[in-house]
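I opened this model to look up its salt bridges and its nonpolar surface. My entries follow in the order I made them.

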Amino acid sequence: MEKFYETENPRIRVLRKMMLVMKLTTFLLLVFALHLSASVYSQQIKLSIDMQGKTIKEILQIIEQQTSYRFIYENEKINLDSRVNIQVNQESVENILDELFNDKEIQYSITASKLILIKPGRNLTDSTGNQQVQKVTGKVTDSSGAPLPGVSVVIKGTTTGTITDFDGKYNLANVPADATLVFSFVGMKAQEIPMSGKSSINVTMKEETVGIEEVVAIGYGTVKKSDLTGAVGSVSGSLVADRQVTQLSQALQGAMSGVMVTRNGNSPGSPATIRIRGITTIGTSAPLVIVDGVPVDNINSVNSNDVESISVLKDAASASIYGSRAAAGVILITTKRAKPEELGLEYNFEFGMEKPTTLADHVDAVRYMQIANESGWNDVGNNANEYPVYSKDLIENYYSLNK
């Protein structure tokens with residue numbers, strides 16, 4: 001007896017697998033669409049609530065009346081009778097709930113069917129004493145109260161963090177209770193704020209203004225140092241005065257880069273040579289010195305205590321202002337000016353003494369003549385004259401002749 005087995009067509013088997021894959025894909029897309037629609041809906045709905053001294057349950061009822069959301073919770077496990085004050089204007093439901101449950105052990109989750117499940121939040125520690133994590137929200141603003149988008153919020157010591165949105169708000173999950181949050185932004189001072197069990201932290205960032213307000217003279221006016229693009233060096237008058245030198249040229253020695261100052265001597269009060277652009281082929285290699293807009297021939301004619309600030313134009317752009325005279329660089333000196341409605345009196349007294357460290361022993365007149373004759377006697381071509389400078393009679397009878 002012969003048996004016949006029915007075999008399935010390979011093409012039908014492939015079609016069945018494709019249909020199964022399409023069904024699973026359609027199901028996953030539907031689940032994702034429902035979740036996405038719930039998230040988008042929660043962000044699109046904006047509410048304005050201003051209630052003082054109302055219970056949390058009453059505020060949740062107001063949200064249910066104005067939206068299609070429904071809240072589910074257990075009365076035995078969650079106390080919603082505590083009274084709170086809330087004032088929001090055109091905020092999303094998530095932001096309202098974050099502010100409503102601030103500093104309370106209450107958590108929530110939004111489902112695809114627009115149901116909001118309210119459940120007890122986790123304590124900072126569990127029964128075994130192990131530390132738990134929590135969610136942290138807040139808002140970052142500048143000193144004027146405007147929101148700051150793009151602020152970096154990072155858990156100190158880790159790479160876990162987030163950035164603030166367009167409204168300056170942030171939302172960071174899984175934060176340890178004893179962690180420290182680091183807030184940083186370009187142009188602002190970084191701040192480190194410990195959690196200390198808080199679930200909402202609002203931060204006001206302060207501007208970083210170190211060194212950007214310094215004003216530099218540039219020949220045709222003044223400009224903030226932060227806005228300066230040319231090669232300009234500057235030094236304050238207080239630094240010049242603190243050096244306690246009698247010559248202003250010496251006070252610039254080592255004060256700024258690109259300015260070479262060489263002292264012409266070691267004696268007190270000796271001037272110094274200043275070179276900014278090296279040795280030039282146009283006239284003198286000394287830089288052009290301008291005091292309060294007036295060119296001067298000698299920089300040392302300016303009293304160091306009268307200097308408010310000194311700016312040095314080191315690049316070739318200074319030639320566009322002063323011409324060929326600025327080929328070796330320009331030194332702009334601004335002197336101090338009297339301030340309105342202020343009276344100031346300064347008195348400065350300085351003195352110096354020169355004293356040799358050691359004094360050499362001197363010979364008498366007779367010995368001096370003997371040394372002079374010895375020096376001449378040792379010269380080439382002396383012809384063996386032992387007394388070429390002073391005679392023998394003068395040396396031997398010097399004391400008797402000069403009584």
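These are my notes on charge pairs first, then on a surface patch.

I am working with a predicted model, in which local features need pLDDT of at least 70, side-chain atom pairs count only at pLDDT 80 or more, and totals for chains, interfaces and linings use all residues. Residues are numbered from 1 along each chain as its sequence is written, and side-chain values use heavy atoms, with hydrogens and water left out.

Salt bridges. I found 5 in the structure, a salt bridge being a side-chain nitrogen of Lys or Arg within 4 Å of a carboxyl oxygen of Asp or Glu.

One of them joins glutamate 192 to lysine 156 at 2.9 Å, N to O. I noted that this pair links distant parts of the chain, 36 residues apart. Glutamate 192 lies in strand 11 (residues 191-194), and lysine 156 in the loop between strand 7 (152-155) and strand 8 (161-163). Helices (H or I, at least four residues) and strands (E, at least two) are DSSP runs, numbered from the N terminus.

I also looked up glutamate 396 and lysine 392, whose closest N and O atoms are 3.9 Å apart. About one helical turn separates the two, because they sit 4 residues apart in helix 8 (residues 392-396).

Surface patch. I listed Tyr347, Phe349, Phe351 and Met353 as the makers of a nonpolar patch of about 650 Å². Patch residues have over 30% relative accessible area and no salt bridge; like charges are joined within 9 Å, nonpolar side chains (Val, Leu, Ile, Met, Phe, Trp, Tyr) within 5 Å. Areas come from the Shrake-Rupley method with a 1.4 Å probe, and for residues only the protein chains shown count as cover. I placed phenylalanine 349 in the loop between strand 21 (330-335) and helix 7 (365-377).
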